[in-house]
Amino acid sequence: MSADVIAELVAEVGPLWHDRHQARLVARPRKRAVGAGAKHRLVFIDRLLATPVHLRHGATHDVPACWFGVDRSTITRAIGEVRPLPAERGCTISQGLRLRTLAEVIDHLGAGGQTGIIDGTEIRVRRPDAGRKDRDKYISGKNKQNAVEAMVLTDAKGRMLFCSPAEPASCADITQARQLGLVKHLVDAPAMEILADAGYQGLGARTGGRVVTPPHRKFKKNPPDRYEEIHERQRKAHSTRRIRVEHGIAHLKNWRALSRHLGRREHMSDTVQAVASLLAHQQTADLSPKSTS
């Protein structure tokens with residue numbers, strides 16, 4: 001992350017953290033005035049820096065604790081306080097334009113006549129303890145491992161526009177899209193194109209053709225001459241246009257916290273959305289024109 005992006009995060013997230021911190025202080029009965037007692041050894045900027053370091057490199061909390069000269073529990077508490085704040089920011093598209101919900105993303109794509117690309121990605125998590133009632137719902141039928149799944153939506157260039165909260169991996173791609181309201185948003189949106197893989201087949205008919213999936217195989221046995229060649233050409237053409245979302249997901253997985261999540265599964269939604277927000281902010285900063293003065 002560049003210094004400019006970090007400076008913008010400090011300016012935006014700092015007041016939010018301070019307000020929430022003050023709200024916690026005044027929310028409980030006190031014997032001393034707010035502000036009395038020992039002062040924080042870990043200032044807010046250090047708390048903010050420790051969070052992306054942990055998410056990007058997957059370092060244990062002992063590592064930033066050693067860097068900043070505080071106890072490990074202080075870093076754990078700091079990351080737990082700061083991580084939800086970037087997750088609530090949404091994805092920065094340009095200066096002054098930020099998309100927080102799926103409805104805002106659909107409106108943005110429709111207004112500009114742009115193409116969107118969706119896909120689901122799985123993130124491996126710890127196996128739930130034996131005896132838990134919801135133990136089986138984290139098992140992915142595709143990869144046969146315990147995981148959570150998030151739906152990613154990028155533009156035609158692979159820029160991150162939206163990342164959904166994480167759901168247990170037993171939830172199918174098309175089911176998660178329906179639960180997020182993708183069909184409803186697209187039906188009311190202008191004519192546009194959303195590219196998807198075969199896991200979303202069926203949404204095209206419900207959205208007036210706005211969701212475009214790979215072509216169906218019309219003949220399972222004894223296809224006509226050249227049918228296989230034509231079908232393969234159409235499938236590859238669709239895959240070539242859709243590959244950008246895979247690049248966007250690859251950039252997400254470069255953050256070690258998403259290559260395999262070893263923390264609490266309850267924190268996974270905040271983690272994946274925080275990484276998506278930070279990644280989109282950095283992508284926007286990289287594409288913005290640099291000052292020559």
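**Close-up 1. Helices H2 and H4 are roughly perpendicular to each other.** This is a predicted model, and the same goes for every view below. The crossing angle is roughly 85°, which falls in the 65 to 115 window that counts as roughly perpendicular. Where the helices cross, the axes of H2 (residues 44-57) and H4 (residues 72-82) come within 9 Å. On the H2 side, look for Arg47, Leu48, Ala50, Thr51 and His54; on the H4 side, the residues they meet are Ile75, Ala78, Ile79, Glu81 and Val82. Sort the residues of this contact by type and you get six nonpolar, two polar and two charged.

**Close-up 2. Gly80 sits in helix H4.** Buried or exposed, or something in between, for Gly80? Gly80 is partly exposed, because its relative accessible area is 34% and the partly exposed class runs between 20% and 50%. For a handy distance to check, go from Gly80 to Thr51: the C-alpha atoms are 8.6 Å apart, while the two residues are 29 apart in sequence.

**Close-up 3. Strand E4 (residues 147-155) is mostly covered.** How many of its nine residues are buried? The count is nine of nine. In a regular strand, side chains alternate between the two faces of the sheet. For E4, one side carries Ala147, Glu149, Met151, Leu153 and Asp155, and the other carries Val148, Ala150, Val152 and Thr154. Both faces are covered, with Glu149 and Asp155 among the buried residues.

**Close-up 4. Which strands pair with E4?** Strand E3 (residues 115-124) pairs with E4 in the antiparallel sense over nine bridges, and here Ile118 stands opposite Leu153. Strand E6 (residues 167-168) is also antiparallel to E4, joined by two bridges; Pro168 is the bridge partner of Val148. Then there's strand E5 (residues 160-163), antiparallel to E4 over three bridges, where Thr154 is partnered by Met160.

**Close-up 5. The E4 and E5 strands make a hairpin.** Four residues lie between the two strands. Keep an eye on Gly158 in the turn, which has a positive phi of about 90°.

**Close-up 6. Strands E1 and E2 form a hairpin of their own.** E1 (residues 91-94) is joined to E2 (residues 97-99) by three bridges, and the strands run antiparallel. Ser94 in E1 stands opposite Leu97 in E2. The hairpin has two residues between its strands, and Gly96 takes a positive phi near 85°.

**Close-up 7. Thr92 is a buried residue of strand E1.** Its relative accessible area is 8%, so Thr92 falls below the 20% cut-off for buried. What polar contact does the Thr92 side chain make? The Thr92 side chain joins that of Arg98 at 3.2 Å. Setting aside neighbours within four places in sequence, Thr92 touches Leu97, Arg98, Arg159, Ala280, His281 and Thr284.

**Close-up 8. Thr213 lies in a loop.** The loop runs between strand E8 (211-212) and helix H10 (227-253). Thr213 counts as buried because its relative accessibility is 18%, under the 20% limit. Which residues are in contact with Thr213, leaving aside neighbours within four places in sequence? They are Ala196, Asp197, Tyr200, Gln201 and His238.

Note on methods: Residues numbered from 1 in each chain as written. Predicted model: local features only at pLDDT ≥ 70, side-chain atom pairs only at ≥ 80, totals over all residues. Heavy atoms only, no water. Axes fitted to C-alpha atoms, helices over the stretch in contact; angles between N-to-C directions. Parallel < 35°, antiparallel > 145°, perpendicular 65-115°, else oblique. Contact = heavy atoms within 4.5 Å. Nonpolar A, V, L, I, M, F, W, Y, C, P; charged D, E, K, R; others polar. Buried < 20%, exposed > 50% of the residue type's maximum accessible area, 1.4 Å probe, protein only. Pairing = 2+ DSSP bridges. Polar contact = N/O pair within 3.5 Å; in protein donor to acceptor, adjacent residues only side chain to side chain.
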